[in-house]
Amino acid sequence: MTQAPADAEARRAVAPVICYPNETLPVPDMALYTQALEGAEVIETVLAAPREACSFRVCTGQFFRITSVEGPQVGDLNLWNADDLSERFYSGKTRALHGTHLTTGERMWSAFPHLRPMATIVEDTLGWYGIDPYGGSVHDVIGTRCDPYTGNLLSGSQYHHCCHSNLIRALADATGMSLAEAEPHVHDVLNVFMCTGFTRDTGQYFMKASPVRPGDHLTFFAEIDLLGALSACPGGDCSSEHSSDSAACHPLQVEILAPREGALEGWQAPARNGYDRSHGR
Ligand SMILES: [Zn+2]
């Protein structure tokens with residue numbers, strides 16, 4: 001134990017400042033998106049089977065909607081630029097910009113050097129949940145994705161249906177890559193419908209039974225052409241454990257919706273980040 005200095009309490013009492021005040025972030029035109037969604041039609045539906053992942057493609061200006069069907073289930077979502085897999089979702093920066101959990105009006109941002117919105121949340125039927133007394137909330141960008149390496153590290157297991165492996169198989173099937181080629185493209189996820197937080201006393205990552213019920217959904221506007229992969233986590237509603245076949249699991253549905261012709265009149269897809277990349281040389 002280190003010895004606390006005499007002014008320890010005074011130092012602890014310093015008020016925090018927000019790291020990235022987001023008032024200057026480009027504001028999505030939610031009225032336009034909402035209106036476009038109202039007239040949009042479902043053009044494709046895919047299903048992520050329990051403990052499996054599905055992939056899907058969404059064109060710029062279309063929507064995709066993830067819906068809980070049959071029973072409470074959380075999903076792990078990866079997004080890539082459909083034409084350039086190096087541009088992929090950046091969970092850490094999205095967390096820095098929007099906070100630990102995402103909801104309507106917030107965006108999934110892409111990795112450097114692109115750093116632009118890939119998708120904007122336009123509907124969240126769990127938006128009512130807010131932050132519970134444990135500090136838990138839904139749709140987090142704090143967890144990573146369940147994976148077989150951590151399971152092996154902690155318990156010596158060889159389990160093949162963690163979200164990490166499910167996403168690898170889905171990406172390999174979608175692109176023709178081998179599993180070894182696909183693996184480095186799989187990245188930290190948006191934990192759709194998952195209810196998580198950090199314990200106050202030990203700062204540990206926790207999960208609890210998701211409040212999601214069949215019919216609940218999260219709908220996104222595609223800011224760029226997207227390839228997505230969604231894993232129906234082996235943790236089911238994540239009320240007890242993951243990384244095994246013991247939890248009750250359900251499918252997740254993904255619908256692709258196309259807006260009516262002209263519904264996005266005047267809208268422009270976001271440009272890549274404007275930093276000149278000279279890095280001081
Ligand atoms: Zn998982």
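Student: How many helices and strands are there in the protein?

Tutor: In this predicted model, the protein has six helices and 13 strands.

Student: What makes the protein agree with a compact globule?

Tutor: For 281 residues, the rule of 2.2 Å times the number of residues to the power 0.38 puts the radius of gyration of a compact globule near 19 Å, and because the protein has 20 Å, the two agree. Along the principal axes, the C-alpha atoms fill a box of roughly 65 × 45 × 45 Å, and buried residues make up 39% of the protein.

Student: Why is helix H4 said to lie largely in the open?

Tutor: A residue is buried if 20 or more other C-beta atoms lie within 10 Å of its own; of the eight residues of H4 (residues 148–155), the number that are buried is zero, so the helix lies largely in the open. Just after H4 comes Gly156, with a positive phi of about 70°.

Student: How do you know that strands E1 and E13 pair?

Tutor: Pairing requires at least two bridges between the strands, and E1 (residues 41–48) and E13 (residues 252–258) are joined in the antiparallel sense over seven bridges, including the one between Glu44 and Ile256 of E13. E13 also pairs with strand E3 (residues 63–68), again in the antiparallel sense, over six bridges, and there Thr67 has Gln253 of E13 as its bridge partner.

Student: What is the order of the strands in the open sheet, and which are called edge strands?

Tutor: The open sheet has six strands in the order E1-E13-E3-E11-E7-E6, with antiparallel pairing. The edge strands are E1 and E6 (107–109), as each pairs on one side only. Neighbouring strands are turned by 25° against each other on average, direction ignored. Within this sheet, E7 (residues 117–124) and E11 (residues 217–222) pair over five bridges, Ile121 having Phe220 of E11 as its partner. Helix H2 (residues 30–38) packs on the sheet, where it touches E3, E7 and E11, and its direction makes about 70° with that of E7.

Student: Which residues have the most contacts inside the largest nonpolar core?

Tutor: That core has 60 residues, and those with the most contacts inside it are Ala222, Leu226 and Leu230. Leaving aside neighbours within four places in sequence, the residues in contact with Ala222 include Val58, Phe63, Phe64 and Ala119.

Student: Which residues does the annotation "domain: DUF1989" cover?

Tutor: According to the unreviewed UniProt entry, the annotation covers residues 49–227; the end C-alpha atoms of this span lie 18 Å apart, and the span is 18% helix and 34% strand.

How values were computed: Residues numbered from 1 in each chain as written. Predicted model: local features only at pLDDT ≥ 70, side-chain atom pairs only at ≥ 80, totals over all residues. Helix = DSSP H or I, 4+ residues; strand = E, 2+ residues; numbered from the N terminus. Core = buried A, V, L, I, M, F, W, Y, C linked by C-beta atoms within 7 Å. Buried ≥ 20, exposed ≤ 12 C-beta atoms within 10 Å, placed from the backbone. Contact = placed C-beta atoms within 7 Å. UniProt positions renumbered as here; feature names shortened; annotations may be inferred. Axes fitted to C-alpha atoms, helices over the stretch in contact; angles between N-to-C directions.
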